[in-house]
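User: Could you please go through this structure with me?
Analyst: Certainly; here it is.

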Amino acid sequence: MHHTIEVAALSFAYPDGHRALQDISLHIAPGEKVALLGPNGAGKSTLLLHLNGILRTQAGQVKVCGLEVTEKTLGQVRAAVGLVFQNPDDQLFSPTVFDDVAFGPIYQGLSAADVRRRVDEALAAVHMSDYKARVSHHLSTGEKKRIAIATVLSMGPEILALDEPTAGLDPRARRGLLRLLAELPQTMLVATHDIRMVLELLPRTVIMDRGVIVADGPSAEILADAALLAEHGLEVY
Amino acid sequence: MTHAHFLDPYRPRASLIHALDPRVKFLLAVGFILAAALTPPAAWAAYILLAALALAATVLSELGVGYVLRRSGLALPFVLAAFPVLFTLDGAALLHFRLGPLVLTLSDAGLVRFVSIALKSWLSVQAAIVLAGTTPFPELLLAMRSLRIPRLLVAIIGLMWRYLFVLADEALRLMRARAARSAAAAEPGRRVGGTVAWRARVTGGMAGNLFLRSFDRADRIYNAMAARGYDGEVRMLPIPRVPLGQRVLVGLALAGLALVVLLGYLL
Amino acid sequence: MFLSVQPMHIPDGFLSVAVSVLLWLLSVAAIAYALQRVNRELGERQVPLMGVLAACIFAGQMLNFSVTGGTSGHLMGAAIATILLGPWAAIIVMTAVVSVQALIFQDGGLLALGANLFNMGVIGVTVSYFAYHTLRRLTGDKPWSIIVSGFVAAWLSIFIASLAVALQLAVSGTSPANVAVAAMGGVHALIGIGEGLITAGALAFLLATRRDLVGAGAPRGESSRTVWLGGLAIAALLAVLAPLASAHPDGLEWVAEQSGFLDRAQGPLYNIIPDYLLPGVSNEALSTILAGIIGLLIVAGVTLAVGQSRRRRASEGETK
């Protein structure tokens, strides 16, 4: 069967010897919304960085939309997977909101007119159309998170890989972001500590700890298993 | 939350000058500064015209004459560097000072030179203030690109400007933390918290800390750029042409400035 | 508080056009070459790395410590940038910092930017590189050797750059060389101590936390040869300029007079206009008065126009 994300026997160690991923296998079907839970250092971010080839596979295989992630497919893979980093100040590196949202489409080689159209569409999708000329520094954290999502939506991705999308948000900004994520049609893999968001938004949950997948199943079941959660330093609050 | 908003001198207004193309403003500001530099010393008539132009631009910009004049005082301390010309140029003696064994003679030529330098400097800085106050930095980057500054350098400067605010916030937090630890150190003029060398070492540690965070941040930003297809080549959208009317304006204004300079030599 | 004008940044008005243009050309050549080198050595990581480190130097200049009374020590950054990044990247980083200081904060002029880039970028970095690596070679690879070399490199970078500023002012006829060199050198010999202490403190911190970062700017074969040549060129330039400027405080004007340029340039022009247009009023006074009237008219006209357009905008805003 063809899956949107197919990870098979993936292992990865950082140059300092730290083994961040060990024999990870994971299949995600088109349109699925999946939570990736686990304590800090479990390897969640490392896994996300593999999905669009920022980190290259050392052992095992990563396939995205049927394409194996290699040097050759990098361009297609990066357009297909929108990776949204945890800290929007790292993701928004351009002087203005427009420049940031246009960055991906420009590197996809689109014409100037197409780039502008993509920017308009992406900003409309995150309800931030008025922010085109704004300077990123002057935005609130919630606004930055939305723009960060727009910066990858403009590339027309099939998959969104989000790292801690609700971290650092006040309740109102968090609520707004949840509403936004619920509207987006893409396949989603969301690394998070926000278990209430998982229950609300993401029907399937994968738990990672120390570089391995320790549980994978319907969110309602997994999050009801207090013993499993406690064992991996997670709690429903 | 500490925020380094004060770092951005851009003040949004609905003025005519704000509406000008950034390239036009840049050329006019540099043209004005060049004209001031080319005007010979003691060409008072030309200085008056330049001052009128600077004041007119300030009024047109709606930045507030008081604001521009206050900021223009920033460059004044440097005038000290020109102070010695008062006493060292040959000319008719105006005044004598006795400093111990030294006798200083204020000459008219020295006075003229000194006042000319101070005036030119003061007028030039006003032009630069109006430029920075009416042009958002991203538009200045656009102007840089059309001036054939390498895109690589423009990209670096753009990134620097973006993270200037983030890192300035971090620097402020570091200083606040230091102030919180050494109770009275924030009071000016008081020597608290060890020797000068010790304080310098602490400050150096803060700078080192800032560098460390910057290296890590550069890595994360590179990841974010690569994730969106960045391949090391700097690509940007093409810049639109300057409207014809504004081109004409630049031509006329530069010709006018050239005329003022010429007047400075003639009269 | 954070926008203190540092005596190293020359504002517009203090340099002659010839000096400004010459230093612009030298700086542009150095920066263009440095860009090429950085491109080759750092590849695609250079934009984020240079950009963030330039921001870091900029923010680092805000960190200050009280020396005594109202004065405080703070950072220019050429030395620490050179030590951490190597000379080429350091020139680019200083270029970004100094340019934005001029463009945004009027710290240093725009026409004078070429000179400021030359002093703080090219000279600051070259001197730091020379001093640091020469001392390291003499003292070995111990932590104290790195810290002491860093201190000396930072102090020298400030001191030598200030001498260059003094010479440029002298050649421009803004300040007599014998006074400028002594005054600038004296003041910056003190300021340089602050630079040295902060640089040493930063190096000590990095040595304790991330030793690997401190070795990154080490010389590599051909790279160092170009810097040595550049350094020699700067030294030669200073050696030629210094005596010239000291002997003739009026620098270029003296050159112009010697060649008879001023006479030829101005003589005929004076003859076009009669000495007196009105009896009893000198030509110069008249022209000054006229200029004053024209200037007043311009400013008054503009003020009226802006006032009217504002009122119009205000009334439009009300009707909406």
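**Surface, burial and aromatic pairs**

User: How much area does chain A expose?
Analyst: Chain A exposes about 9,700 Å², and carbon and sulfur atoms supply 52% of it. Accessible areas come from the Shrake-Rupley method with a 1.4 Å probe, and for residues only the protein chains shown count as cover.

User: What kind of model is this?
Analyst: This is a predicted model, in which local features need pLDDT of at least 70 and side-chain atom pairs count only at pLDDT 80 or more, while totals for chains, interfaces and linings use all residues. Residues are numbered from 1 along each chain as its sequence is written, chains are lettered from A and ligands numbered from 1 in the order in which they are written, and side-chain values use heavy atoms, without hydrogens and water.

User: And what share of chain A is buried?
Analyst: Of its 237 residues, 58% count as buried (under 20% relative accessible area; exposed is over 50% and partly exposed in between, with a 1.4 Å probe and protein chains only).

User: New topic: how many aromatic pairs are there over all chains?
Analyst: The count is 14. Rings of Phe, Tyr and Trp (its six-membered ring) pair if their centres lie within 6.5 Å; planes under 30 degrees apart are stacked, over 60 edge-to-face and the rest tilted.
Analyst: In one of them, F93(A) and F103(A) are edge-to-face, 4.8 Å centre to centre with 80 degrees between the planes.

User: Are those two buried or exposed?
Analyst: F93(A) counts as buried at 2% relative accessibility, and F103(A) counts as buried at 10%.

User: Which cluster do ring pairs form around them?
Analyst: Ring pairs link F93(A), F103(A), Y107(A) and Y230(B) into a cluster.
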